[in-house]
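Let's take a walk through this protein together. Have a look at the structure, then read on.

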Amino acid sequence: KERTAFLNSGIKKLNQVTGKIAPFISSQKIFSIDTTNSLGKVPARIRSLLEDTDGNLWIGTFSGLFKYSYHTKKVEAFGNNLRKNPISAGKLIEDSKKNIWMISRQGIVKFNQSTKKFTNFVFDRKNPESISHNQVFQIHMDKNNQFWLATPRGLNHFIPETGKVKKVYTTNDGLSNNNIYGILEDDENNLWLPTNYGLNKF
């Protein structure tokens, strides 16, 4: 088996049988970027990776979103508009409609593969159905394809089809603290939430 990891020098490939690490996509290697029909390269500051259901490797960077095809060995670049709201740390997620979701510096972002368009979801104090905070620590898609967001203002139950928050769970609902730093789902569909005041099971 092989695993990929992202570093400041690009992406490395680990062979779990031999234990050897080799370059996979170097930030210094030149690729053909189909969207611009010119030469380009994957930036060094890689934040997240996702292998989608079609077997493509998605690469989240501060400079935008990239898709690497194992078949063609080419990289496509998306999202020049993300440079004003770059991808932050955290994993990429593919939903049931093949949209790619990511955490940005301001809220969360959906990339529609069909239209090649990005949609940004941010906190809006005038909209009670918006996400509760622009700082999102983690996006989690559970086994029922429901989205959950870990934020400094509680756990958001986010509906990707509508782009709205169904409910924000806080200390008023029994959480020990509103700062939710991560989400882990167990085999019984419980969500485990690390906070400033201990670990919560939801």
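Is lysine 73 buried or exposed? Lysine 73 counts as exposed, because its relative accessibility is 52%; here buried means under 20% relative accessible area, exposed means over 50%, and partly exposed lies in between, with a 1.4 Å probe and protein chains only. A quick word on what you're looking at: this is a predicted model, where local features need pLDDT of at least 70 and side-chain atom pairs count only at pLDDT 80 or more, while totals for chains, interfaces and linings use all residues. Residues are numbered from 1 along each chain as its sequence is written, and side-chain values use heavy atoms, with hydrogens and water left out.

Now for the overall picture. The protein has 20 strands and 0 helices; both are DSSP runs numbered from the N terminus, with helices being H or I of at least four residues and strands E of at least two. Of the 202 residues in the protein, 45% are buried. As for the outside, the accessible surface comes to about 11,300 Å², and carbon and sulfur atoms account for 47% of that. Such areas come from the Shrake-Rupley method with a 1.4 Å probe, and for residues only the protein chains shown count as cover. Take the contacts between residues at least 6 apart in sequence, and 35% of them join residues at least 24 apart; a contact means heavy atoms within 4.5 Å.

Back to lysine 73. You'll find it in the loop between strand S8 (64–68) and strand S9 (75–78). Its phi is near 65°, a positive value in a residue other than glycine. Most residues other than glycine have a negative phi.

Serine 69 sits in that loop between S8 and S9 too, but serine 69 counts as buried, because its relative accessibility is 14%. The side chain of serine 69 reaches the backbone nitrogen of threonine 72 at 3.1 Å. That's a polar contact: a pair of N or O atoms within 3.5 Å, where, within protein, one must be able to donate a hydrogen and the other to accept it, and residues adjacent in sequence count only if both atoms are side-chain atoms. Leaving aside neighbours within four places in sequence, serine 69 is in contact with Asn56 and Lys74. Aspartate 54 is 15 residues from serine 69 in sequence, and their C-alpha atoms are 9.5 Å apart in space.

Next, let's move on to a sheet. Strands S10, S11, S12 and S13 form an open sheet in the order S10-S11-S12-S13, with antiparallel pairing. S10 (93–94) and S13 are the edge strands, so each pairs on one side only; two strands pair if DSSP finds at least two bridges between them. S11 (residues 100–103) and S12 run antiparallel and are joined by 4 bridges, and methionine 102 has valine 109 in S12 as its bridge partner. S12 and S13 pair over 5 bridges in the antiparallel sense, with phenylalanine 111 bridged to phenylalanine 118 in S13.S12 and S13 also make a hairpin with 4 residues between the strands, and in this hairpin lysine 116 takes a positive phi near 60°. More exactly, lysine 116 is in the loop between strand S12 (108–112) and strand S13 (117–121). Lysine 116 is partly exposed, with a relative accessible area of 45%.

Further along the chain there's another hairpin, formed by S19 and S20 with 2 residues between them. S19 (residues 191–195) and S20 run antiparallel, joined by 4 bridges, and leucine 193 has asparagine 200 in S20 as its bridge partner.

What about leucine 199? It belongs to strand S20 (residues 198–201) and is exposed, because its relative accessible area is 57%. Together with Leu184 and Trp192, Leu199 makes a nonpolar surface patch of about 320 Å². Patches are made of residues with over 30% relative accessible area and no salt bridge; like charges are joined within 9 Å, and nonpolar side chains (Val, Leu, Ile, Met, Phe, Trp, Tyr) within 5 Å. A salt bridge is a side-chain nitrogen of Lys or Arg within 4 Å of a carboxyl oxygen of Asp or Glu.

Our last stop is isoleucine 180, in the loop between strand S17 (164–169) and strand S18 (184–185). Isoleucine 180 is buried, with a relative accessible area of 0%. Not counting residues up to four places away in sequence, isoleucine 180 touches several residues, among them Phe137, Ala150, Leu155, Leu175 and Leu193. Isoleucine 180 and arginine 153 are 27 residues apart along the chain, and their C-alpha atoms are separated by 7.5 Å.
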